[in-house]
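Hello,

Here is the structure I promised to pass on. Please open it first, then read my notes below.

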Amino acid sequence: MSEPLETDPSLLAVVLDVNAKAWSDSPLALENALQQITIFLNAYLALKQENKLVVLAANKKECRCLYPVDRARAASLPNIQVYEQFRMVDASLLSGVQSMLSGAESEVTDKNRGIEESQSLISRALSMALCHVHKSSEASKTHKVWSRILVLSAADDSPREYIALMNSIFAAQKLNVLIDICKIFGQDSVFLQQAADITGGNYLKANTANSESLLQTLMFSCLADHYTRDILYLPNNELIDFRTACFCHRKVVDVGFVCSVCLSIFCKMAPVCSTCHTKFSFKIVRQNSAPQSNGSSQNGANGNTLKPATNALSSLSLSTAQ
């Protein structure tokens with residue numbers, strides 16, 4: 001794999017979480033956050049003329065591409081007295097977020113019934129971002145485009161989207177796409193922590209007690225491209241939560257049972273795997289009457305214990321990495 005050069009162009013795909021319920025509980029107003037985000041996006045475009053930008057927004061209901069826009073929509077954007085490319089980004093971002101917030105009160109489709117009010121469709125936004133990355137890499141034949149994704153998260157994790165999210169994470173890893181996470185407020189995201197760790201990105205958390213801390217975090221930690229990151233000392237991920245979500249109830253579990261055929265994880269032992277439909281057989285094995293060591297555990301007075309067969313569910317402990 002080739003090393004990044006200073007002259008290589010880069011593509012930044014920004015995924016903005018605009019969940020209305022989550023932002024209503026934030027100490028940082030969404031309007032103030034959007035102003036800081038637009039300054040960061042303009043600074044990224046000003047670094048190099050060849051830099052490319054994609055802005056996506058996601059909430060509970062939908063995922064939408066805000067930038068780039070087609071010519072018909074570009075003509076309807078308000079005329080702001082700034083540099084033309086900055087005007088396109090600023091106007092499309094503000095108008096797109098306003099449109100999504102105004103439609104957030106409408107009825108939610110059946111596909112999103114399992115998504116709570118404080119959760120967003122981040123996995124769909126990541127999938128769209130990877131599509132833009134692939135399209136850009138195929139269009140550029142002369143120079144390699146180094147791509148990365150920046151997720152500005154505000155909502156809670158959605159365990160029902162765990163499988164789709166992990167598929168996007170492994171696809172980004174295969175494409176050598178970094179995923180940076182900036183948790184604007186709220187509890188740490190278990191799944192997004194894993195996304196940053198697997199792809200080699202950074203997981204950051206803004207200090208919302210300071211109204212300008214979001215811009216500071218973005219400018220000093222998320223502005224550097226692949227080439228510049230090799231000569232900078234960026235914050236690393238010290239504590240990463242590697243817990244997963246079970247496939248049966250979509251809940252984050254500490255200890256689960258793994259199917260030995262398809263590696264699906266369940267919170268309770270089941271006779272049939274709901275993913276690959278493998279039937280498991282359990283055998284009752286009678287232990288020898290020999291005395292056990294002090295460290296072994298007793299399993300009843302009759303000395304019988306339940307052990308799984310070769311293709312049975314195996315227990316897996318998923319602990320938090322310290």
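Start with a polar contact: a polar atom of the Asp17 side chain sits 3.1 Å from the backbone nitrogen of Ala154. Bear in mind that the model is predicted.

Asp17 belongs to strand S1, which covers residues 10–17. Asp17 is buried, and it has no salt bridge. Which side chain of opposite charge is nearest to Asp17? Lys183, at 6.1 Å. The cut-off for a salt bridge is 4 Å, so that pair does not count as one.

What else does Asp17 touch, beyond its neighbours within four places in sequence? Trp23, Ala58, Ser120 and Ile122 are among its contacts. So are Leu152, Ser153, Ala154 and Ala155. Ala154 is thus on the contact list and also supplies the backbone nitrogen mentioned above.

Now the strand itself. S1 is mostly covered, with 8 of its 8 residues buried. Ser10, Leu12, Val14 and Leu16 point one way. Leu11, Ala13, Val15 and Asp17 point the other way. Both sets are buried.

S1 has these two pairings:

- S4 (residues 146–153): parallel, over 7 bridges. Here Ala13 stands opposite Ile149.
- S2 (residues 52–58): parallel, over 7 bridges. Here Leu11 has Lys52 as its bridge partner.

Two of the Asp17 contacts, Leu152 and Ser153, fall within the residue range of S4. Ala58, another contact, falls within that of S2.

For a first look, I would centre the view on Asp17 and follow S1 from there.

Best wishes

Methods
Residues numbered from 1 in each chain as written. Predicted model: local features only at pLDDT ≥ 70, side-chain atom pairs only at ≥ 80, totals over all residues. Heavy atoms only, no water. Helix = DSSP H or I, 4+ residues; strand = E, 2+ residues; numbered from the N terminus. Buried < 20%, exposed > 50% of the residue type's maximum accessible area, 1.4 Å probe, protein only. Lys, Arg positive; Asp, Glu negative; His and termini not counted. Polar contact = N/O pair within 3.5 Å; in protein donor to acceptor, adjacent residues only side chain to side chain. Contact = heavy atoms within 4.5 Å. Pairing = 2+ DSSP bridges.
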